[in-house]
Amino acid sequence: MLRRTKIITGSSLAAFAAVGVAVPAYAASSSTAHTATAHSARHHHKGHYRDRLDRLGLTRAVIAKDAGTDVAGLKAGRRAGQSLTQIAARHHVSRAVLLARLDATADARVAKLINTKLPTGKDGRHPAVHAWARHHGVGSAYKNVATTLKLTPQALAADLKKGQTLQQIATAQQVSTATLTGVIDKDVNAVIVKAADRAPKARAAASATTTS
């Protein structure tokens, strides 16, 4: 009796990976589809950190300058599989100095954010508050911010949609600016440390793995 074998395409594998569903090795119709899916996952993971940093005002130009190099030098180092701290070290910038510089830029962004009102669209509607926070790189800190302000996430969202800033809400709740920015900075700085110490795979090594 012939067995029916269901072929799962590369696009289907990518869809399963996107929603976190484990896909067995034999599900791939070819090694090419499996390699493409793995490459997509690596690209998404790398893009996650890049997006977070960029939203915090840490563009490639800013990061390169803080690391003592230029954008070309930064890209070359990343292609070679070096972390941001390793690139900085090559240009005589210590890890502590690099993190302090990156933190300063991000903290200035946070200080501006807490005094920024939730935007209003042309239709008069506000964006989803968590999406707004995530857009500015502080989405993962939102629940902690609400707790610090002695509010539920829903109550905080309602106040923001009324046109109040985080600073104004904190004042009304008798929470100091230092306490408010501190809880956001803690999350932001943790993201920066992980991104600075994370070393991407060298291009040459990645190519050798793919072709082997």
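Trainee: Is Lys 150 buried or exposed?

Mentor: In this predicted model, Lys 150 is exposed, its relative accessible area being 55%. The classification follows because any residue over 50% counts as exposed.

Trainee: Where does Lys 150 lie, and what is the sign of its phi?

Mentor: Lys 150 sits in the loop that joins α8 (142-148) to α9 (153-161). Its phi is positive, about 60°, although Lys 150 is not a glycine.

Trainee: Which loop holds Gln 174, and what is the accessibility of this residue?

Mentor: Gln 174 belongs to the loop between α10 (166-172) and α11. At 74% relative accessibility, Gln 174 is exposed. Gln 174 also has a positive phi of about 60° without being a glycine.

Trainee: Let us turn to the overall fold. How many helices and strands does the protein have?

Mentor: The secondary structure consists of 12 helices and zero strands. Along the sequence, the pattern is therefore written α-α-α-α-α-α-α-α-α-α-α-α. The protein has 212 residues, of which 33% count as buried. Its accessible surface is about 13000 Å², and carbon and sulfur atoms account for 56% of that area.

Trainee: What share of the contacts joins residues at least 24 apart in sequence?

Mentor: The share is 59%, taken among contacts between residues at least 6 apart in sequence.

Trainee: How should one read a salt bridge, and how many does the structure hold?

Mentor: The general idea is that side chains of opposite charge can pair when their charged atoms come close. In this structure there are two salt bridges. Arg 95 pairs with Asp 197, and the closest N and O atoms are 2.7 Å apart. This pair links distant parts of the chain: Arg 95 is in helix α6 (residues 95-113) and Asp 197 is in helix α11 (residues 177-197), with the two positions 102 residues apart. Arg 95 is partly exposed, with a relative accessible area of 39%, and Asp 197 is likewise partly exposed, at 35%.

Trainee: Which residue pairs with Lys 162?

Mentor: Lys 162 forms a salt bridge with Asp 159, where the closest N and O atoms are 3.9 Å apart. The pair still counts because the cut-off is 4 Å. Lys 162 is exposed at 63% relative accessibility, whereas Asp 159 is buried at 17%.

Trainee: Which residues does Thr 85 touch?

Mentor: Leaving aside residues up to four places away in sequence, Thr 85 touches Arg 95, Leu 98, Ala 196 and Asp 197. Both partners of the Arg 95 and Asp 197 salt bridge thus appear in that list. Thr 85 is located in helix α5 (residues 84-90) and is buried, at 12% relative accessibility.

Trainee: How does one read burial along a helix, and which residues of α11 are buried?

Mentor: An α-helix has 3.6 residues a turn, so residues three or four places apart point the same way. In α11, the buried residues include Leu 180, Ile 184, Val 188, Val 191 and Ala 195. Ala 178, also in helix α11, is exposed at 57% relative accessibility. The C-alpha atoms of Ala 178 and Ala 111 are separated by 10.0 Å, the two residues being 67 apart along the chain.

Trainee: What distance does α11 reach from its first C-alpha to its last?

Mentor: The helix has 21 residues and reaches 30 Å, close to the 30 Å expected at 1.5 Å a residue.

Trainee: What surrounds Leu 156?

Mentor: Leu 156, in helix α9, is buried with a relative accessible area of 0%. Beyond residues up to four places away in sequence, Leu 156 touches Tyr 142, Val 145, Ala 146, Leu 149, Leu 151, Leu 166 and Ile 169. The C-alpha atoms of Leu 156 and Ala 146 are 6.1 Å apart, and the two residues are 10 apart in sequence.

Trainee: How many cavities of 30 Å³ or more are there, and which residues line the largest?

Mentor: There are two such cavities, and the largest encloses about 70 Å³ of space. Its lining consists of Leu 113, Trp 132, Ala 133, Val 138, Tyr 142, Val 145, Leu 160, Leu 166 and Ile 184. The elements giving two or more residues to that lining are α7 (129-135) and α8. Ile 184 of this lining is also among the buried residues of α11.

Terms used:
Residues are numbered from 1 along each chain as its sequence is written. This is a predicted model: local features need pLDDT of at least 70, side-chain atom pairs count only at pLDDT 80 or more; totals for chains, interfaces and linings use all residues. Side-chain values use heavy atoms; hydrogens and water are left out. A salt bridge is a side-chain nitrogen of Lys or Arg within 4 Å of a carboxyl oxygen of Asp or Glu. Helices (H or I, at least four residues) and strands (E, at least two) are DSSP runs, numbered from the N terminus. Buried means under 20% relative accessible area, exposed over 50%, partly exposed in between (1.4 Å probe, protein chains only). Contact means heavy atoms within 4.5 Å. Accessible areas come from the Shrake-Rupley method with a 1.4 Å probe; for residues, only the protein chains shown count as cover. The expected span of a helix is 1.5 Å times one less than its number of residues. On a 1 Å grid over the protein atoms alone, a cavity is a set of points where a 1.4 Å probe fits but cannot get out, and a pocket is an open set with protein on both sides within 12 Å along at least five of seven lines; lining residues have an atom within 4 Å of a point. Grid points are joined across faces, edges and corners, and a volume is the space filled by probe spheres set on the points.
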